[in-house]
Structure formats: C-alpha cells, structure tokens
Protein chains: 2
Amino acid sequence: MGRWEPGAPDRLQQAAIELFAERGFDATTVADIADRAGVTERTFFRHYADKREVLFAGEAELQSVFVDAVVHAPARASVIELVSTALETGCRALQDARDPEFPRIRNAIIAANQALQERELLKMSHLAGALTDALVAHGLDDLPARLAAELVVSVFITSFGSWIEVGETRDLVTIQRETLEVFRTLSR
Amino acid sequence: MGRWEPGAPDRLQQAAIELFAERGFDATTVADIADRAGVTERTFFRHYADKREVLFAGEAELQSVFVDAVVHAPARASVIELVSTALETGCRALQDARDPEFPRIRNAIIAANQALQERELLKMSHLAGALTDALVAHGLDDLPARLAAELVVSVFITSFGSWIEVGETRDLVTIQRETLEVFRTLSR
C-alpha cells in the first residue's frame with residue numbers, strides 16, 4: 001500500500017475535470033489524471049472505480065441530504081411541504097459546498113458525451129427512487145410518493161441548470177423556490 | 001444488397017426480446033437474433049445499429065406523437081391543457097399499438113442491465129427536450145415549458161409503470177388521467 005495521501009480524492013477530481021475540459025473525456029486516461037494530481041494510478045483506483053466515476057463522486061452524499069430532509073420532516077407535513085423541505089435542504093447543501101464554476105465545467109463535459117449524460121440521468125433516477133422510499137416511509141401512499149419524488153428531481157434539475165448558467169446571479173436556494181412556485185402555478 | 005425482407009424489423013425485434021429474456025442481454029449476439037428471425041446479420045444491420053437499439057426502436061415515433069399533440073393544440077390552451085393533451089395522445093397511441101405484454105418483458109430486460117436503464121433514461125430525457133421545444137413554440141416561456149415537459153414525462157413514466165404491472169386491468173389512458181389528477185392535488 002502506498003502512503004496516505006491527504007486530499008487525494010479532491011486533487012484527483014480537480015485534475016480530472018481540468019483534463020476532461022482540455023482534451024475531452026475520451027482522450028484522457030487514468031494515468032494522465034494521476035500524473036496531474038501528483039499521485040500514482042494505484043492511489044487513483046483506491047478512490048475511484050474508473051475515470052467516469054470521478055465525475056459522480058458525492059452522489060451518495062447528495063442523495064442522503066435530500067433523503068434526510070424527508071426523514072426529519074414533521075410527521076404532519078403536507079406533501080408540498082415535504083417536497084419543499086427536500087429541495088431547500090438539498091440545494092442549500094450544494095450551494096454551500098461549491099461556487100457554480102465547478103458544476104458548470106462538469107456539466108459541459110457531461111453534455112459533450114452521451115455515456116456521461118446517461119450516467120447523470122441514472123444518478124437522478126436513483127435520487128428519485130431513494131426519495132420515493134423516504135416519502136413512503138414518511139407515510140405517503142406509493143403513487144403520491146413517486147410523483148412527489150419526481151417533482152423534487154424535476155425542480156432540482158431545472159433549478160440547477162439555471163444556477164450554473166453564465167450570468168446567473170441568484171443563489172441556488174432562491175432559484176429553487178422560484179422554480180417550485182412556477183411549477184405550482186402550472187398545475188392549477 | 002440482399003432481397004427485400006417484409007416485416008424484418010418486427011421479426012428481429014420479437015426475436016431479440018425473446019432471446020434477451022431467455023439468455024440475458026449480454027449473452028445474446030446479433031448473429032443469434034438474426035438466426036432466430038430467419039434473416040442475415042446484414043439484414044439486421046440494415047435496420048438497427050446494434051442489439052441495444054432493437055429495444056429502442058420506435059423512440060422517434062413516440063416522441064412525434066407527444067410533440068404533435070402540442071403542435072396541434074388550440075392556441076389558447078392553458079399549460080395544464082397542453083400537458084393533458086400530450087399525455088392523452090401519447091398514451092392512447094401506445095396502448096393502441098400493443099398490449100402490455102411486450103413492454104412488460106422489455107422492461108424486465110432493461111431493469112436487469114444498467115447500460116439499458118441509462119439508455120431508457122436518455123430516451124425520456126430526449127422526450128422532455130422535444131416537448132420543451134414544442135411548448136416554447138406554442139408560446140410558453142422557457143421555464144414553464146421545461147417544467148411542463150418534465151411533468152408530462154414524470155406522469156408518463158409513472159403511468160406506464162403501473163400499466164405494465166401484472167394484474168393491472170385499467171388501460172393506459174385511464175391510468176394517466178388518474179395519475180395526472182393525483183399529481184395536481186399534490187402541488188396544492
């Protein structure tokens with residue numbers, strides 16, 4: 001085993017994003033990423049299964065934030081309150097973790113590659129599934145739980161897309177609130 | 001060029017679905033599919049890019065049905081009327097084309113394979129994108145258009161999932177109406 005590498009996962013992620021942006025995803029190898037981050041390939045594989053997964057680190061953590069918001073919501077919360085609290089908590093965690101620059105570059109990399117787009121959609125589908133389970137555990141019937149989870153994910157994806165647009169000045173939580181409100185007016 | 005093969009695409013699709021169900025997707029080759037359908041591999045590749053695409057034939061047609069419903073909706077239709085007419089038209093076309101047995105088997109094949117799940121999600125994402133464009137062309141602003149398109153896709157996926165459940169007796173159009181109604185009560 002190599003020595004302990006403090007900060008290696010973050011350095012690897014930063015190096016990967018830079019290289020994918022410079023050379024394209026397909027033309028970048030794990031060796032390139034490890035080299036740029038100043039670690040061995042072995043260290044890379046200790047943290048990530050492959051170069052694709054570097055772009056999807058943090059998936060489980062983000063899912064937990066959304067799910068925990070539902071788990072800890074008051075027992076008598078209405079469906080729309082559950083939707084709103086999940087969105088509010090998830091978006092706040094994301095905006096506190098990073099400025100929009102990193103996800104903006106990450107998104108451009110993903111948009112350029114169909115396999116990455118598909119993986120990103122799977123991540124969102126997993127989030128919807130986890131939220132459905134949490135909402136059922138909170139007392140909702142299966143169908144309303146599934147639809148409410150889809151609503152959370154739709155508003156999240158749409159708000160996130162606005163947040164990372166060049167020139168957007170609102171923070172993610174504000175965008176999410178306004179987006180959910182537009183959504184609610186639609187279905188009237 | 002080989003001789004014209006009437007019905008080859010449908011025969012190939014039927015053969016592929018049977019083989020995927022029997023042996024699994026990964027263990028089935030294009031040669032196996034062509035053989036079962038009684039055509040050459042060359043005929044296979046005249047109709048499908050690869051064995052995965054056999055499962056996604058009809059994607060463009062389904063998208064057109066949803067989009068055309070929006071295009072032909074009355075100019076003064078409300079957002080919820082546009083959502084409803086797209087769903088109604090898309091679901092009717094699908095239920096008229098097939099009984100739920102084929103999509104039920106197809107779904108089981110897709111559920112067993114992550115790459116197929118990702119491709120299916122991409123198909124739904126393309127549908128949302130095409131619907132967004134159609135709704136913008138119909139006069140909606142970008143954000144409401146995107147959210148309304150997401151709503152159509154969410155209700156469609158959920159209704160479709162119910163329709164192909166074993167023991168479900170309602171038709172797809174009925175399920176979709178009831179699902180959209182549940183959705184509308186959620187956001188109140």
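**Exercise 1. Work out what share of the contacts in chain A with a separation of 6 or more comes from residues 24 or more positions apart.**

Start with the criterion: two residues are in contact if their C-beta atoms, placed from the backbone, lie within 7 Å. Next, keep the pairs with a separation of 6 or more; residues 24 or more positions apart account for 62% of these in chain A.

Before going on, note that this is a predicted model, where local features need pLDDT of at least 70, side-chain atom pairs count only at pLDDT 80 or more, and totals for chains, interfaces and linings use all residues. Residues are numbered from 1 along each chain as its sequence is written, while chains are lettered from A and ligands numbered from 1 in the order in which they are written.

**Exercise 2. Find how many helices and strands chain A has.**

Take DSSP runs, numbered from the N terminus: H or I of at least four residues for helices, E of at least two for strands. That gives chain A 10 helices and 0 strands. As for extent, the C-alpha trace of chain A spans about 55 × 40 × 30 Å along its principal axes.

**Exercise 3. Describe how α6(B) and α10(B) cross.**

First, fit lines to the C-alpha atoms over the stretch in contact, and take angles from 0 to 180 degrees between N-to-C directions. The axes of α6 (residues 79-97) and α10 (residues 172-186) of chain B come within 8 Å and cross at roughly 155 degrees. Then classify: the pair is therefore roughly antiparallel (angles over 145 degrees). Finally, look at who meets whom: S84(B), L87(B) and C91(B) are among the α6(B) residues that meet a set in α10(B) including L172(B) and Q176(B). The residues of this contact divide into 6 nonpolar, 3 polar and 2 charged (Ala, Val, Leu, Ile, Met, Phe, Trp, Tyr, Cys and Pro are nonpolar, Asp, Glu, Lys and Arg charged, the others, Gly among them, polar).

**Exercise 4. Determine what turn and shift lay chain B on chain A.**

Superpose by least squares on the C-alpha atoms of residues with pLDDT of at least 70 in both copies. You get an RMSD of 0.0 Å with a turn of 180 degrees and a shift of 0.0 Å along the axis. The two copies are thus related as by a two-fold rotation axis. Of chain B's residues, E118(B) comes closest to that axis, at 2.4 Å (C-alpha).

**Exercise 5. Say which element gives the largest share of the side of chain B that touches chain A.**

The contact takes 23 residues from chain B and 23 residues from chain A. On the chain B side, α9(B) gives the largest share, 9 residues.

Conventions. Parallel < 35°, antiparallel > 145°, perpendicular 65-115°, else oblique.
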